[in-house]
Structures are given as C-alpha cells and as structure tokens.
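Open the model in your viewer and keep the selection tool ready. Take the stops in order.

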Amino acid sequence: MAVDVPGLVAQAREGRPRAVARLISLVEGASPQLREVMAELAPICGNAYVVGLTGSPGVGKSTSTSALVSAYRRAGKRVGILAVDPSSPFSGGALLGDRVRMGDHASDPGVYIRSMATRGHLGGLAWAAPQAIRVLDAAGCDVVLVETVGVGQSEVEIAAQADTSVVLLAPGMGDGIQAAKAGILEIGDVYVVNKADREGADATARELNHMLGLGEARAPGDWRPSVVKTVASRGEGIDEVVEALEKHRAWAEERGTLTERRRRRAAHEIETIAVTALRERMGELRGGRRLEELAERVLRGETDPYAASDELVAGLTRES
Ligand SMILES: Nc1nc2c(ncn2[C@@H]2O[C@H](COP(=O)(O)OP(=O)(O)OP(=O)(O)O)[C@@H](O)[C@H]2O)c(=O)[nH]1
Ligand SMILES: [Mg+2]
C-alpha cells in the first residue's frame, strides 16, 4: 500500500515521533517509495549537527550518549540518536540495552531514539545510516548522535563521516594499541577517556595525547584533537565534552571543513547508492542472457574478456 510521503514528511517536521519512525522504516527497509522519501527530504536537510561516537564494546558509548542528550536537552535542543550495529542482522541486543540506558529520554518528545542493524543490507552501513540521519535532520533535530557499536572498519568509516567524530576509550592496557590498529587515531576530533573513576585514566589520557602528538606536524590553524576525561555514568566531564564539540564545530565552520566533510559525505552516499544499483543490475544480468552471450563469444574467440566487460558495463548504465 502506498504511503502518503509528503503528508508523512509534513508530520515529521511537526515533530510527530510516529511519522519520524515510519520514515526511518521506509528508508531502512528500502521501500519502493524510498526515492520519493529522499526527494521530499532533500530540500529540508542540512540543519542538524551530526556527531559520531565510536569505541570498543562496553567503553560507555550509550551511557555517554545519554548524558550528552541530557546536556543538549537542558540547552533546549532537539536530539536524534541513531545506534548502528554493523555486525548484527538484528535490531535486538544493542537496542534492548540502549532502551534501558536511554530510559530517561524514551518518553521525551524532544528526543528520537532509533537502533539500526545493518548487516545483510546491500551496501551495508554506508547506505542506510546517512538516510536515517536525513530523516532525523528533516524532523528538526538540532543534533544527531550516531553511536556505532565496535571499532571495525565500517564503524570507523561511519564515524569519519560525522561533522564531529568522538572516539571513546577507557583506562586499561591495550586500548591505545587497539585504537591505533583500527585507524581510530586518524578519525577522532574529540577523544574521551571514559570511566575516569577507574585506575589508569590519567595514564591513558597521557598515552593518547602522546600518540596524537606523534602524528604529522600540524600546520598552524589545524585542528588539534582534544582529550577529555569523563565518568559518563555520573555525568562528570560531559559539559567539557559538549564544549569540545562546540569548539570543533566552530573551527570546522570557520575553516570550511564542515562543508567539505558534508560534501564528502554526500559523495560517498551517491557512490554507495550507485555501486549498489550497479551490483543489483549485475545480479540481474548474471541470471540473464546478456552475460551468457558474451561468454559464448569469448569462448569462440570473437571477443576478449576486456572488450566483453566494456560492453557489459556500457549496457548496465544504458539500460538502467
Ligand atoms: N565505572 C564506570 N562505569 C561506566 C561508566 N560509563 C559507563 N559505565 C558502565 O559501563 C557499562 C557499559 O556502558 P555502555 O554505555 O553500555 O557502553 P557501550 O560502549 O555503549 O557498549 P556497547 O554498545 O555494548 O558497545 C555499563 O555497565 C555502564 O554502566 C563510567 O564512567 N564509569
Ligand atoms: Mg551501546
């Protein structure tokens, strides 16, 4: 049954949670009306400030997110939360836990909470998350917090595409090395050493500062990532995190980095959608006659695999 997309978008803009949820389901489920949804959203997007939070499991991302939401709510901002789990095909585990931890905010009409599992999606995370962010943006969220579970390549990718990306660590051996391995030291604009109530927080912050300082020499005016210590479970240090976020945002706006990042995010989105479309077309072709015919001609020596592939690729774009 066709959904009244413009009506739904209008309701979402009024801040109706059910309309927002409905729209996210439409984009997440790759509904046939996905294109219509995206076209409606396009002119009303671009106001939300997107913050990515990433870090090892259990480091305190959800607790920090919840504390950040409280801080933003006190400042009168509307907040969207997107928890993305790229390793899970279910919106189950993480969601349940987060519901509990986000409990304070679940009934707040100024807060949208959404969990998203992306394994099994064509194009994965890169494809689904930005579209859900667009919905939250269009729904009038001033800030969208994107929590990615884990520190694998796809998490790092998603975090790197935020306006500001926060990397969380906790005191303890090996976290620094893990971070370096995952390429996390390149993507953080703000580093948070959470669980600062535990032993070793100062050492971790020091180690982090040291590692961040070891990178290439920065040109004057370049962003120097900040390192903030927090006890998220008690809300300690959260105001400092907000301050660091604001500082990075102001810097990024002034330097043009914000626009640059958003352009890169859009380019990545387009590329992902295009590659997904091509892959789908390719899949259709694989079952069809075109590829068979070309293979036959290669067998007969009438053409070579390169020329045949050129023909196939040209056909892919022409016929779509
Ligand atoms: N001691 C201490 N515990 C904390 C702190 N922040 C969070 N925790 C606890 O650490 C555990 C994990 O916190 P979460 O916020 O769920 O961590 P997460 O990074 O979202 O975990 P995943 O989503 O599973 O990757 C919970 O039991 C929290 O109560 C802190 O500052 N100090
Ligand atoms: Mg979590």
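The tour below visits helix pairs and a pocket in this predicted model.

**Stop 1: α1 and α2**

Select residues 5–13 for helix α1 and residues 17–28 for helix α2. Their axes lie 8 Å apart, and the packing angle is about 130°. That angle makes α1 oblique to α2. Look at the handedness next: α1 passes α2 in a left-handed crossing. Now show side chains. On α1, pick L8, V9, Q11 and A12. On α2, pick A19, V20, R22, L23 and L26. These residues make the contact. Colour them by class, and the contact of α1 with α2 shows seven nonpolar residues, one polar and one charged.

**Stop 2: α4 against α11**

Move to helix α4, residues 61–74. Add α11, residues 238–255. Here the axes come within 10 Å of each other and cross at roughly 70°. Angles of 65 to 115 degrees count as roughly perpendicular, and α4 and α11 are therefore roughly perpendicular to each other. From α4, select A67, L68, A71, Y72 and R74. From α11, select I238, D239, V241, V242, L245 and E246. How many residues of each class are in the contact of α4 with α11? Eight are nonpolar, three are charged and none is polar.

**Stop 3: α11 against α12**

Keep α11 on screen and add α12, residues 257–287. The axes of α11 and α12 are 5 Å apart, at an angle of about 85°. This pair, α11 and α12, is therefore roughly perpendicular too. Select H248, W251, A252, E253 and R255 in α11. They meet T257, L258 and R261 in α12. By class, the contact of α11 with α12 holds three nonpolar, two polar and three charged residues.

**Stop 4: the largest pocket**

Leave R261 selected: R261 is also among the residues closest to the centre of the largest pocket. Add the others named there, E186, G188, D189 and W223. The largest pocket has 17 lining residues. It holds about 450 Å³ of space. Which elements give two or more residues to the lining of the largest pocket? They are α9 (184–187), α11 and α12. Colour the lining by class to finish: eight residues are nonpolar, three polar and six charged.

**Last view**

Show α11 once more. α11 contacts α4 through residues such as V241 and L245, meets α12 through residues including W251 and R255, and gives two or more residues to the lining of the largest pocket.

Definitions and conventions: Residues are numbered from 1 along each chain as its sequence is written. Chains are lettered from A and ligands numbered from 1 in the order in which they are written. This is a predicted model: local features need pLDDT of at least 70, side-chain atom pairs count only at pLDDT 80 or more; totals for chains, interfaces and linings use all residues. Side-chain values use heavy atoms; hydrogens and water are left out. Axes are lines fitted to C-alpha atoms, for helices over the stretch in contact, and angles run from 0 to 180 degrees between N-to-C directions. Helices (H or I, at least four residues) and strands (E, at least two) are DSSP runs, numbered from the N terminus. Angles under 35 degrees count as roughly parallel, over 145 as roughly antiparallel, 65 to 115 as roughly perpendicular and the rest as oblique. A crossing is left-handed if the near helix is turned anticlockwise from the far one by less than a right angle, and right-handed if clockwise. Contact means heavy atoms within 4.5 Å. Ala, Val, Leu, Ile, Met, Phe, Trp, Tyr, Cys and Pro count as nonpolar, Asp, Glu, Lys and Arg as charged, and the others, Gly among them, as polar. On a 1 Å grid over the protein atoms alone, a cavity is a set of points where a 1.4 Å probe fits but cannot get out, and a pocket is an open set with protein on both sides within 12 Å along at least five of seven lines; lining residues have an atom within 4 Å of a point. Grid points are joined across faces, edges and corners, and a volume is the space filled by probe spheres set on the points.
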